[in-house]
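Hi there,

Here is the structure I promised to pass on to you. Have a look at it first, and then read on for what turned up in it.

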Amino acid sequence: MIQTEYGTFDGRSWERLCQKAFKLKFGPLYQQMPASPGDYGIEGWTTDGMAFQCYCPEKNYTQDELRTAILDKITRDISKLKLYQTQIASRIGDTKIQKWLLITPVFEHNNLHEHARKKELEARKWGLSILHDDFTILIQDAGYYATEFEQCRRSEGLPLQLGPVVTANYVLPPAPEEFEKLIDRKNRTRLRDKSGSTSFETELQKLNRLTATKFLQCDEHLATIERTSPQAFQQIIRVIGHYAEEMKELQVAWVGEPNGLVDEVKSELGRRFEEDLKGTMGFSDARRLADLMVSRWLAVCQLDFSE
């Protein structure tokens with residue numbers, strides 16, 4: 001799966017979204033080409049001469065890895081036009097393919113265009129009856145279909161996503177080596193009203209162990225969600241990231257007791273999980289994830305108290 005500003009995708013979910021977008025954008029001109037009984041290098045075409053192929057990497061590649069993957073995809077699928085020209089002709093009829101478009105979430109190397117020019121010249125020399133004399137290969141990213149993607153989201157009852165992609169690496173920074181010392185310092189502040197009690201150190205150590213355990217459980221819990229439901233995971237990461245930014249101001253301006261701030265953050269974060277993941281996360285699951293996340297914030301210093 002890869003994360004984009006339009007959602008989290010693998011090859012199948014990207015193709016499904018693109019197919020919906022093509023039908024919205026081109027209407028009755030567009031015809032889908034299912035992969036059964038064979039993959040002929042196009043996943044749809046328009047009767048005025050455009051052919052479409054979707055490509056989504058299965059993971060977040062480096063720029064060079066993505067460039068290589070897209071180069072290979074173009075080379076492999078353009079060769080199928082020659083290999084399966086008879087099958088394609090029997091399906092598209094008199095239509096001649098003038099533009100072959102590769103639709104991918106993002107590409108960042110302009111030498112992909114250089115490769116496209118080479119492959120289109122090669123394809124023209126084949127003299128295929130299914131190709132126009134001015135056969136052209138084009139590469140398009142998700143931005144070409146942003147309006148249609150948003151229409152698809154709205155039709156499925158999904159909320160509008162604004163702003164840049166919120167990544168898990170940004171939202172879930174690694175804990176510093178001294179995270180146990182951070183937990184101890186913060187929990188001493190939370191229990192300061194009990195500092196004169198003979199049981200203070202015992203209660204402090206108990207709270208420290210609970211906080212550390214929940215911090216470790218948080219990452220395990222999120223990893224399980226990512227494996228079982230990548231789309232829900234990405235939405236959770238967005239909620240966490242957005243609220244973490246708001247929390248920076250909240251903790252500076254907070255005038256109440258430290259435990260009051262902890263309770264406020266847990267309550268609001270749980271409410272947002274429940275609201276933004278309606279139908280996916282219920283009240284109890286939302287509150288548990290919020291509880292675990294607050295312990296993580298205490299351990300990695302994203303949540304602190306002004307002395």
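Does asparagine 187 count as buried or exposed? Please keep in mind that this is a predicted model. Asparagine 187 has a relative accessibility of 1%, and because buried means under 20%, it counts as buried.

To find asparagine 187, go to helix α7, which covers residues 179–190. Setting aside neighbours within four places in sequence, asparagine 187 is in contact with Leu204, Leu207, Asn208 and Thr211. With threonine 211 there is also a polar contact between the two side chains, at 3.3 Å.

Those partners lead us to helix α8. Leu204, Leu207, Asn208 and Thr211 are among the buried residues of α8, and the list also includes Phe200, Phe215 and Ile225. What covers these buried residues includes α7, α9 and α11. As you follow them along the helix, it helps to know that an α-helix has 3.6 residues a turn, so residues three or four places apart point the same way. Helix α8 has 29 residues, and from first C-alpha to last it reaches 42 Å, close to the 42 Å expected at 1.5 Å a residue.

Next, see how α8 meets α11. Helix α8 (residues 200–228) packs against helix α11 (residues 283–300) at an angle of about 115°, and their axes are 8 Å apart. The crossing of these two helices is left-handed. On the α8 side, the residues that meet α11 include Thr211, Phe215, Cys218 and Leu222, while Leu289, Leu292, Arg296 and Val300 are among those on the α11 side. So Thr211 appears twice in this story, because it is in contact with asparagine 187 and is also one of the α8 residues that meet α11.

Helix α9 is worth a look too. Its 24 residues (230–253) should span 34 Å at 1.5 Å a residue, and the end C-alpha atoms are 35 Å apart, which agrees. Even so, α9 has a kink of about 30°, centred on glutamate 246.

Finally, here are two backbone details to look up. Serine 36 and proline 37 are joined by a cis peptide bond, with omega about 10°; proline 37 is in the loop between β3 (30–32) and β4 (44–46). Cysteine 301, in the segment after α11, has a positive phi of about 75° although it is not a glycine. At 37% relative accessibility, cysteine 301 counts as partly exposed.

Happy exploring!

How values were computed: Residues are numbered from 1 along each chain as its sequence is written. This is a predicted model: local features need pLDDT of at least 70, side-chain atom pairs count only at pLDDT 80 or more; totals for chains, interfaces and linings use all residues. Side-chain values use heavy atoms; hydrogens and water are left out. Helices (H or I, at least four residues) and strands (E, at least two) are DSSP runs, numbered from the N terminus. Buried means under 20% relative accessible area, exposed over 50%, partly exposed in between (1.4 Å probe, protein chains only). A polar contact is a pair of N or O atoms within 3.5 Å; within protein, one must be able to donate a hydrogen and the other to accept it, and residues adjacent in sequence count only if both atoms are side-chain atoms. Contact means heavy atoms within 4.5 Å. The expected span of a helix is 1.5 Å times one less than its number of residues. The bend at a residue is the angle between axes fitted to the seven residues ending there and the seven starting there. Axes are lines fitted to C-alpha atoms, for helices over the stretch in contact, and angles run from 0 to 180 degrees between N-to-C directions. A crossing is left-handed if the near helix is turned anticlockwise from the far one by less than a right angle, and right-handed if clockwise.
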